[in-house]
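I opened a new page for this protein. These are my entries on what I looked up, in the order I looked.

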Amino acid sequence: METSPSSRIEARELREDSEPTEGFYNRWSRRGWPRSYGAKLWLLAVLALGGPLLLGLLTHRAFPARSPGLLVTGLLGLAVGGALLAVALRRVTRPIREAREALEGYFDRGEIGSHRPLREDEAGRLRHQVIYLLEHLDARGTLLRSLPAKDYSTGLPNRAAAKERLQQSRELALRDHLPLTLALVDVVDLRGINEAHGYHLGDRFLTGVAQRLLGQLRESDWAARWGDDEFLLVLFSDREGAESALERVLQDVKTMRVVAGGRAVSGRVRIGAVPVDRSRHLQGWLERVEEALEEARSRSTDLVVRP
């Protein structure tokens, strides 16, 4: 049985409390001093570099005849101290590497790293907050993916689902060199229908429009609910074929009647369409088809198909 996002987060938080501490950084941080991450780095530098250097100088002073010169002793102390510092820095920067690896794992493979016990310095909090952010980002994504992909009134894909499918249609058209035309269908005076006859009838009218759109589309074409009074049509046709199909849509909707209280309510639609320009990105396509629909509105015409 699949667990919910919140239960997965709670399970990780339990593992955070129960996971054994290990590693140089965790053991040191558990002691609580120094609390600051910067102070830890400063102390490491002092001990790693100063310790071997001081030991070398004391040895030289205690056994001057058996030790190399003062300069050589100092250089050896610095070399040993530098090596110790490099090892210690790798250990103490572990939480930063884990934060980076968690980000890479999530965005490359969709994996979320496990928690480590929270430490109260800057690096420990960074690591903890990165994991926490990724967990909640994953939970939000899971909830969004579980939302309905269809419009309740018409049964067509909603706007979010349409954007994803539109990207797939774009990739298919570019890959197979297929003609593609986008169209926006605007239901004229839907507000007037809702105000005069109620929203229930307005929804019935939208459903009727959706059915007639699908009736004029080929199997490869598709339609979606794009807005309150708009539908998006994706037609794998060139400009001439799309214009012919859209003219049939206009005529079909004009003959449609929805009966309410013994009265037959009719309406019409207005359409703007553009053949896809393969040199443009998806957002550019949508902007062009919106401009075509706006042109149809401004000219008070039923159909504008731009070249």
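Which residue in β6 is the bridge partner of Ala 183? I looked it up and found Ala 273.

Entry on confidence. I noted that this is a predicted model. I found an average pLDDT of 76 for the protein, with 63% of the residues scoring at least 70. I then looked at the elements. Helix α1, residues 5–18, has the lowest mean pLDDT, 42, and strand β3, residues 230–235, has the highest, 96. Over residues 1–22 the pLDDT is below 50, although this stretch has 26 contacts in the model beyond near neighbours in sequence. Where pLDDT is low, the predicted coordinates should not be read in detail. I made no further entry on that stretch.

Entry on strand β1. I went back to the pairing. Seven bridges join β1 to strand β6, residues 269–275, and the two run antiparallel. I also found six bridges between β1 and β3, again antiparallel. On the β3 side, I noted that Leu 182 has Val 234 as its bridge partner.

Next I checked burial in β1. I counted seven buried residues out of the seven in the strand, residues 181–187, so β1 is largely enclosed by the rest of the structure. In a regular strand the side chains alternate between the two faces of the sheet. I sorted the residues by face: Thr 181, Ala 183, Val 185 and Val 187 are on one side, and Leu 182, Leu 184 and Asp 186 are on the other. Both faces of β1 are covered, as the residues on each are all buried.

Entry on strand β3. I picked two residues here. Phe 231 is found in this strand. Is Phe 231 buried or exposed? I read a relative accessible area of 0% for Phe 231, so I wrote it down as buried. I then compared its place in the sequence with its place in space. Phe 231 and Val 185 are 46 residues apart in sequence, yet their C-alpha atoms are 5.0 Å apart in space.

Glu 230 is also found in β3. I read 15% relative accessible area for Glu 230; because buried means under 20%, I entered Glu 230 as buried. Leaving out residues up to four places away in sequence, I found that Glu 230 touches Leu 184, Val 185, Asp 186, Ala 224, Arg 225, Leu 293 and Arg 297.

Entry on helix α8. Which residues of α8, residues 190–197, are buried? I found Leu 190, Ile 193 and Asn 194. These cover an arc of only 100 degrees around the axis, so they lie on the same side of α8. On the other side of α8 I found Arg 191, Glu 195 and Ala 196 exposed. I checked what the buried residues of α8 pack against, and found β1, α9 (199–215) and β5 (263–265). Just after α8, I noted that Gly 198 takes a positive phi of about 100 degrees.

Entry on Asp 302. I found Asp 302 in the loop between α11 (282–299) and β7 (303–305). Asp 302 has a relative accessible area of 18%, so I entered it as buried. With which side chain does the side chain of Asp 302 make a polar contact? I found Arg 268, at 2.7 Å. Not counting residues up to four places away in sequence, Asp 302 touches Leu 250, Lys 254, Arg 268, Val 269, Arg 270 and Ile 271.

Methods:
Residues numbered from 1 in each chain as written. Predicted model: local features only at pLDDT ≥ 70, side-chain atom pairs only at ≥ 80, totals over all residues. Heavy atoms only, no water. pLDDT = per-residue confidence, 0-100. Helix = DSSP H or I, 4+ residues; strand = E, 2+ residues; numbered from the N terminus. Contact = heavy atoms within 4.5 Å. Buried < 20%, exposed > 50% of the residue type's maximum accessible area, 1.4 Å probe, protein only. Polar contact = N/O pair within 3.5 Å; in protein donor to acceptor, adjacent residues only side chain to side chain. Pairing = 2+ DSSP bridges. Arc of directions from axis to C-beta.
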